[in-house]
Amino acid sequence: MAELPSNVRLNPDVELVKKIQSALEMKQGYCPCRLQRTPENLCICKEFRDQIADPDFEGYCYCKLYYKEK
């Protein structure tokens, strides 16, 4: 996984984070919520990287592992 920007944090739900991280390991780093194993779906996925770059976006990534604050 990539290093997180200062305005991105893990979900505070520890059990959910453990489940998602376990699924990430089983899928060799690909988002467990995505079917295709493409470079865009490697964690942190392209969709969330684009959301991180958007100064107006605040919220969770698709699988709810990360939260981006404004």
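## Around Phe48 and Tyr66

Phe48 and Tyr66 are both buried. Keep in mind that this is a predicted model.

Let's look at the rings. The whole structure has three aromatic pairs, and two of them are set out here.

| Pair | Centre to centre | Angle between planes | Type |
|---|---|---|---|
| Phe48 and Tyr66 | 6.3 Å | 10° | stacked |
| Tyr60 and Tyr67 | 4.8 Å | 65° | edge-to-face |

The Phe48 and Tyr66 pair ties together parts 18 residues apart in sequence, because Phe48 sits in helix H2 and Tyr66 in strand S3 (residues 66–68). Phe57 joins these two, and the three residues make one aromatic cluster.

As for the other pair in the table, Tyr60 counts as partly exposed at 31% relative accessibility, while Tyr67, at 15%, counts as buried.

Now for the core. The largest nonpolar core is made of 15 residues, and Phe48 and Tyr66 are among those with the most contacts inside it, along with Cys43, Ile44, Cys61, Cys63 and Leu65. Helix H1 (14–26) and helix H2 (46–53) are the elements that give it two or more residues, with H1 supplying the largest share, three residues. Leaving out residues up to four places away in sequence, Ile44 touches Leu4, Arg49, Ile52 and Tyr66.

Where does the cavity come in? There is one cavity of 30 Å³ or more, with a volume of about 60 Å³. Its lining is made up of Cys31, Cys43, Ile44, Cys45, Phe48, Cys61, Cys63 and Tyr66. By class, that's eight nonpolar residues, no polar ones and no charged ones.

Terms used
Residues numbered from 1 in each chain as written. Predicted model: local features only at pLDDT ≥ 70, side-chain atom pairs only at ≥ 80, totals over all residues. Heavy atoms only, no water. 1 Å grid on protein atoms, 1.4 Å probe; cavity = no way out; pocket = protein on both sides within 12 Å on 5 of 7 lines; lining within 4 Å. Points joined across faces, edges and corners; volume = space filled by probe spheres on them. Nonpolar A, V, L, I, M, F, W, Y, C, P; charged D, E, K, R; others polar. Core = buried A, V, L, I, M, F, W, Y, C linked by side-chain atoms within 4.5 Å. Buried < 20%, exposed > 50% of the residue type's maximum accessible area, 1.4 Å probe, protein only. Helix = DSSP H or I, 4+ residues; strand = E, 2+ residues; numbered from the N terminus. Contact = heavy atoms within 4.5 Å. Phe/Tyr/Trp six-rings, centres within 6.5 Å; stacked < 30°, edge-to-face > 60°.
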